[in-house]
Amino acid sequence: MTQKIAVQVDDLTVAYNYKPVLWDIDLEIPEGVLMAIVGPNGAGKSTLIKSILGILNPIAGSVSIYGKSYEKQRSLVAYVPQKGSVDWDFPTTALDVVMMGTYGSLGWIKRPGQKEKKAALEALEKVGMLSFKSRQISQLSGGQQQRIFLARALVQNASIYFMDEPFQGVDATTEIAIINILKELRKAGKTVVVVHHDLQTVPEYFDWVTFLNVKKIATGPVKDIFNDDNLTKTYGINYKVSIQE
Amino acid sequence: MSNAQIEIQLIASIVAIACAIPGTFLVLRKMAMISDAISHSILPGIVIGFFITQDLNSPLLIILAAFSGVITVVLVEYIQKTGLVKEDTAIGLVFPVLFSIGVILIAKNANDVHLDVDAVLLGELAFAPFDRLLISGVDVGPKSLWIIGSILILTVTLVIAFFKELKVSTFDAGLSASLGFSPVVIHYGLMTVSSVTTVGAFDAVGAILVVALMIAPAASAYLLTTDLKRMLIYSICFGILSAISGYWLAHWLDASISGSITTMLGLLFLGIYLFAPNKGVIAVLYREKQQRTEVLLLTFLLHLKNHTEKRERHVNHLNEHINWQKVRSKTILDLAFKNNMILIENKIVSLTEKGDEFTSQAIDYIITNEDAQIEDMKDDFFLFRG
């Protein structure tokens, strides 16, 4: 079976203050997978996503989305940053944050109208947050804020979704709700890439995995490569015991 | 009111509006101190522009001053990026240096003209009406009114055109970048507008008041609303209000206009800081007191739920069992009774159906921390409003 390649990363090196945080990464993400990026803190997981999305400038290497540069393919890609990366005291409502997902397709200057509002309301409904649409975002719980971020990505109606730790600080119900939506996206043929921390849930949630620790350790189907050998290579300690416990 | 008085209030109000708009975004971006830096470091730009043109109202002054404002931001960011000092230190390093270059340039070369450090720092609104703009011999009004008026029109046009871009890049720079709205471009756009506004305003109101007009109205508005558009409108209104009331305060005290406007801004913020309905100090203290009471109420209800034996629920012995003082026990008992959560029969307290349900829901919420459980309780009780 030959799958189309959704995201291709070639020889990517990214440095902060001349210290490489990602080193010579080659990565192919096939279309239609639900992929976890795992690795210890400081492994460059968020950096990898940000570099693919052109938020950070790599010092070497290239990225292509369906064969073309990210700048040409923006409309195919949606991004969910880490929840902690924004100021939730910002004066705005849940609906308004979701509407921001439509800004990309509008381009500069043009304002969102009824069509965009309708799409945002639908996305809010999908994540079960419609009744909170007028709520000020600081009045939402951590799980609700994460759902709002997910709704904002859904409204972009993209082909590829990048999510930076969507399960951080959310309760169990929200985690299940989010993973169900991600699985639905995969069923619809979308590609979903998630920075993930909880190794225990990888086999249950994902079908594809990338091990990362500054260098790429391994990438492939969970059933083939999610094993003690790769975990040990990535985390530097023997994982055999902890996983089986 | 004389013409001059009307003109002064008009200039002050327009300066206030022109400052409130970029000020709102500076406050939300936690960059209030940058406006202080810009307001001082534009001085060398103004002085050099003056040497070239020999005219304090030349547009070249505004361009050069705005340029030195942007350079300030670039320098601060560059020093900060090296990781050797923090942002506030970088700001504290850059602007005094640039400002002092301006001071030395004035002292060496411009002692005989109307460009002195006092005027730069404090401005003199009272003299603004004397400097008229003549177009082919016809008096069309004070020059500073035209300058700041043009800047205001530019600012309003930009904020209307790029409102959505400003909003998304301020709230979430990462998303903004991924959508193709470069946060860097928007950041420097805002810095340029802030610099131009500062230059246009400082001649009339001085460098210190410019900072006050940018930050205080926005900070006050932030405490009153949870909507960005409203925050902009409130900031503008507060700016105008302070400008006009400040003018009359100065008139009454026979004092500096810019000083009086700044005083009004300070008083306005103090009032809102204390009395704002949700975020004000008094509202917060009141809410905390309510929450304390409700935690106590819940403790009491839980005690009733956990104990079926009568001696644990006797009105006269309750305080001993929960280890509370009499007054506190009485308050909580009254509160529970008022809310129909308990029944008292023969001095034995027991939970009503409502009280029982409330207690279970509240405990569920505290254990699971899931909001859905308490949606319908939120209106009744402060405790669950987060």
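B:Ser136 sits in the loop between β1 (132–135) and β2 (138–142) of chain B, and it makes a good place to start in this predicted model. The backbone here deserves a look: B:Ser136 has a positive phi of about 40° although it is not a glycine. With a relative accessible area of 74%, B:Ser136 is exposed, since exposed residues are those over 50%. The loop itself belongs to a hairpin, formed by β1(B) and β2(B) with 2 residues between them. The two strands pair in the antiparallel sense over 3 bridges. If you would like a pair to anchor your view, B:Ile135 stands opposite B:Val138 in β2(B).

Chain A offers a companion case. A:Val214 also has a positive phi, of about 60°, and is not a glycine. This residue lies in the loop between β8 (208–213) and β9 (215–221) of chain A. Is A:Val214 buried, exposed or partly exposed? Its relative accessibility is 21%, and because buried residues must fall under 20%, A:Val214 counts as partly exposed.

From A:Val214 we can step into the sheet that holds both flanking strands. This is an open sheet of 6 strands in chain A, in the order β5-β6-β7-β3-β8-β9, with mixed pairing. At its edges are β5 (77–80) and β9 of chain A, each of which pairs on one side only. On average, neighbouring strands of the sheet are turned by 15° against each other, direction ignored. Inside the sheet, β3 (residues 34–38) of chain A pairs with β8(A) in the parallel sense over 4 bridges. To find this pairing on screen, look for A:Ala36, whose bridge partner in β8(A) is A:Val209.

A:Val209 also leads to the interior. The largest nonpolar core has 133 residues, and A:Val209 is among those that touch the most other members, along with A:Leu182, A:Phe206, B:Leu125 and B:Phe171. Which element gives the largest share of this core? It is helix α10 (residues 183–222) of chain B, with 19 residues. Apart from this core lies another, of 28 residues, which includes A:Val21, A:Leu22, A:Tyr70 and A:Trp208.

B:Phe171 is worth following across to chain A. Leaving aside residues up to four places away in sequence, B:Phe171 touches A:Val86, A:Asp87, A:Trp88, A:Phe90, A:Val97, A:Met100, A:Ile137, A:Phe149 and A:Arg152.

Two of those contacts, A:Trp88 and A:Phe90, turn up again around A:Gln136. This glutamine is found in the loop between α5 (114–126) and α6 (142–154) of chain A. Is A:Gln136 buried or exposed? A:Gln136 counts as buried, because its relative accessibility is 9% and the cut-off is under 20%. With residues up to four places away in sequence left out, A:Gln136 touches A:Trp88, A:Asp89, A:Phe90, A:Pro91, A:Thr92, A:Thr93 and B:Thr226. A:Gln136 and A:Leu95 are 41 residues apart in sequence, with their C-alpha atoms 9.2 Å apart in space.

Chain A has another sheet to visit. This open sheet of 3 strands has the order β2-β1-β4, with antiparallel pairing. Its edge strands are β2 (19–30) and β4 (60–65) of chain A, each pairing on one side only. Here, too, neighbouring strands are turned by 15° against each other on average, direction ignored. β1 (residues 5–16) of chain A pairs with β2(A) in the antiparallel sense over 8 bridges, and one of the bridge pairs joins A:Tyr16 to A:Lys19 in β2(A). Helix α1 (residues 45–52) of chain A lies across β1, β2 and β4 of chain A, running at about 115° to β1(A).

Let us finish back in chain B, with a pair of helices. Two packed helices are described by the angle between their axes and the distance between the axes. The axes of α3 (residues 43–53) and α5 (residues 87–109) of chain B come within 7 Å and cross at roughly 30°. Angles under 35 degrees count as roughly parallel, so α3(B) and α5(B) are roughly parallel to each other. On the α3(B) side, the contact is made by B:Leu43, B:Pro44, B:Val47, B:Ile48 and B:Phe51. From α5(B) come B:Leu98, B:Phe99, B:Ile101, B:Gly102, B:Val103, B:Leu105, B:Ile106 and B:Asn109. By class, this contact has 11 nonpolar, 2 polar and no charged residues.

Technical notes: Residues are numbered from 1 along each chain as its sequence is written. Chains are lettered from A and ligands numbered from 1 in the order in which they are written. This is a predicted model: local features need pLDDT of at least 70, side-chain atom pairs count only at pLDDT 80 or more; totals for chains, interfaces and linings use all residues. Side-chain values use heavy atoms; hydrogens and water are left out. A nonpolar core is a set of buried Ala, Val, Leu, Ile, Met, Phe, Trp, Tyr and Cys residues joined through side-chain atoms within 4.5 Å. Buried means under 20% relative accessible area, exposed over 50%, partly exposed in between (1.4 Å probe, protein chains only). Contact means heavy atoms within 4.5 Å. Two strands pair if DSSP finds at least two bridges between them. Axes are lines fitted to C-alpha atoms, for helices over the stretch in contact, and angles run from 0 to 180 degrees between N-to-C directions. Angles under 35 degrees count as roughly parallel, over 145 as roughly antiparallel, 65 to 115 as roughly perpendicular and the rest as oblique. Ala, Val, Leu, Ile, Met, Phe, Trp, Tyr, Cys and Pro count as nonpolar, Asp, Glu, Lys and Arg as charged, and the others, Gly among them, as polar.
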